[in-house]
Amino acid sequence: MLKLIGRYLIAAIMIPVGVVVGVAGWIQNKLRQDYYQRRFKEIKDQIKQEEEQAKQS
Amino acid sequence: MTTQNASFPLGKKASILYSGGTDSALAAYLVGQKAEEITLLTFDPGFIFFIENSKKHVDLLRHHLGADRVKQEIIPIKPFIDRILFGERMHDFKKYGFNLTALVCLGCRLSMHTMAIIYNLEHGIPVIADGSIQKQSTVPEQLDSFVRRNRRTLWWKYGIRHFSPIYEEDNSDLEMDKIRLSLKPNLKKQFILFDTQATCPFGVPADVYARIFYGELSGPAREVDTFEYSEQKRPLMEAIINEHFADKTPGLDELIDQLKTVASPLPAKWEDIDHA
């Protein structure tokens, strides 16, 4: 019983924390949108190259 | 180059990254059908509650696979967590900002991987599996791109073949019921507070963050951060492994060679491996 209460207490506190931080994170990611788009393309190219190299070896 | 229908490698041992939940228990069951001995690796990062819950499915696995074929190890990894997850916290917060809420789980997972590599090398275990599933790729550590790249650039670097035997699985609950491995139906629907695994206070907001805010709503942020975070932590992980084996005989290179020798004939897909 104590265990169950403990688990639900953790959820009751931490779920709202997740929502509040999530909204803040969403705003942050919108502001960094250009950076993320550019890096995403670079990373995709890098992984593609690595996979081709791995196939060859 | 892969070999179809290869037999399980010498030693016939495998380890499983095991939380005790339905996914890792189902993965353990599938691996246990092909390996002669499985070791369930459960890690204690030092900040989770009710880790003893992870033992609940172990008895059922022993019943199905044989008591002497299933071993569970609960291993503390707090020193690794302190270095990998918390060691660069100011830098991490500046770089990733609020996204660190979800990346905490990736840092924890990388600490587990570091310990698992050490364990497998020390015990001569050439195969490791986990219960990653595509359906849960909302969380960074189960992203397809991360799982695949990690397999190539981390596990295999240390001579270990990594498999996710249920990656395509849509409903591990149903599968567990079918093979009578489930303690009760719909375990997965318990969402964050599971009966058969530990409760992590960081895991709760991380899951909310990853599921709702860190996916399509944020564009490619999750993919980029996951790549950069794991690349950033790689040297730390390698340093920990090197330090661990620094004064040991046989040395790290020798252990890696031994594992690579037995693991290299294995096919890329778990389904293509023969039963033991």
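## Chain B: a parallel sheet and its helices

In helix α1 (residues 22-32) of chain B, 10 of the 11 residues are buried, so this helix is largely enclosed by the rest of the structure. The model described here is a predicted one. The buried residues of α1(B) include T22(B), D23(B), S24(B), A25(B) and L26(B). Further along the helix, A27(B), A28(B), Y29(B), V31(B) and G32(B) are also among the buried residues. What do the buried residues of α1(B) pack against? Their partners are β1, β2, α2, β4 and α7 (172-178) of chain B. Helix α1(B) lies across β1, β2 and β4 (127-129) of chain B, and its direction makes an angle of about 170 degrees with β1(B).

### The sheet

The strands mentioned above belong to an open sheet of 5 strands in chain B, with the order β3-β2-β1-β4-β5 and parallel pairing. At the edges stand β3 and β5 (161-163) of chain B, each of which pairs on one side only. From one strand to the next, the twist averages 25 degrees. As a general principle, strands of a sheet pair through backbone hydrogen bonds, in either a parallel or an antiparallel manner.

Two of the pairings in chain B are set out below.

| Strand pair | Sense | Bridges | Residues facing each other |
|---|---|---|---|
| β1 (residues 13-17) and β2 of chain B | parallel | 5 bridges | K13(B) opposite E37(B) |
| β2 (residues 37-44) and β3 (residues 70-76) of chain B | parallel | 7 bridges | T42(B) opposite I74(B) |

In the pairing of β2(B) with β3(B), F43(B) has I75(B) as its bridge partner. The chain passes from β2(B) to β3(B) through helix α2 (residues 56-65) of chain B, and this β-α-β crossover is right-handed. Helix α2(B) lies across β2 and β3 of chain B, running at about 155 degrees to β3(B).

Is strand β2(B) largely enclosed or largely open? Of its 8 residues, 6 are buried, so β2(B) is largely enclosed by the rest of the structure. The chain reaches β2(B) from β1(B) by way of α1(B), in a β-α-β crossover that is right-handed.

### Two backbone features

The loop between β2 and α2 of chain B contains F50(B). This residue is not a glycine, yet F50(B) has a positive phi of about 60 degrees. In general, most residues other than glycine have a negative phi, and most peptide bonds are trans. With a relative accessible area of 19%, F50(B) counts as buried, because the cut-off for that term is under 20%.

A second feature concerns the peptide bond between T249(B) and P250(B), which is cis, with omega about -5 degrees. P250(B) is located in the loop between α9 and α10 (252-263) of chain B.

### Helix α9

Which length should helix α9 (residues 221-245) of chain B span? At 1.5 Å a residue, its 25 residues should span 36 Å, and the end C-alpha atoms are 36 Å apart, which agrees. The helix α9(B) nevertheless bends by about 35 degrees at R234(B), and a proline, P235(B), follows within four residues. Of the 25 residues of α9(B), 18 are buried, so this helix is largely enclosed by the rest of the structure.

### The surroundings of R151

R151(B) is part of helix α6 (residues 144-155) of chain B. Its relative accessible area is 26%, so R151(B) is partly exposed. Which residues does R151(B) touch, leaving aside those up to four places away in sequence? R151(B) touches W156(B), H162(B), F163(B) and S164(B). As for G219(B), this residue and R151(B) are 68 residues apart in sequence, and their C-alpha atoms are 25 Å apart in space.

Note on methods: Residues are numbered from 1 along each chain as its sequence is written. Chains are lettered from A and ligands numbered from 1 in the order in which they are written. This is a predicted model: local features need pLDDT of at least 70, side-chain atom pairs count only at pLDDT 80 or more; totals for chains, interfaces and linings use all residues. Side-chain values use heavy atoms; hydrogens and water are left out. The expected span of a helix is 1.5 Å times one less than its number of residues. The bend at a residue is the angle between axes fitted to the seven residues ending there and the seven starting there. Buried means under 20% relative accessible area, exposed over 50%, partly exposed in between (1.4 Å probe, protein chains only). Two strands pair if DSSP finds at least two bridges between them. A crossover is right-handed if, with the strands pointing away from the viewer, the path from the first strand over the helix to the second runs clockwise. Axes are lines fitted to C-alpha atoms, for helices over the stretch in contact, and angles run from 0 to 180 degrees between N-to-C directions. Contact means heavy atoms within 4.5 Å.
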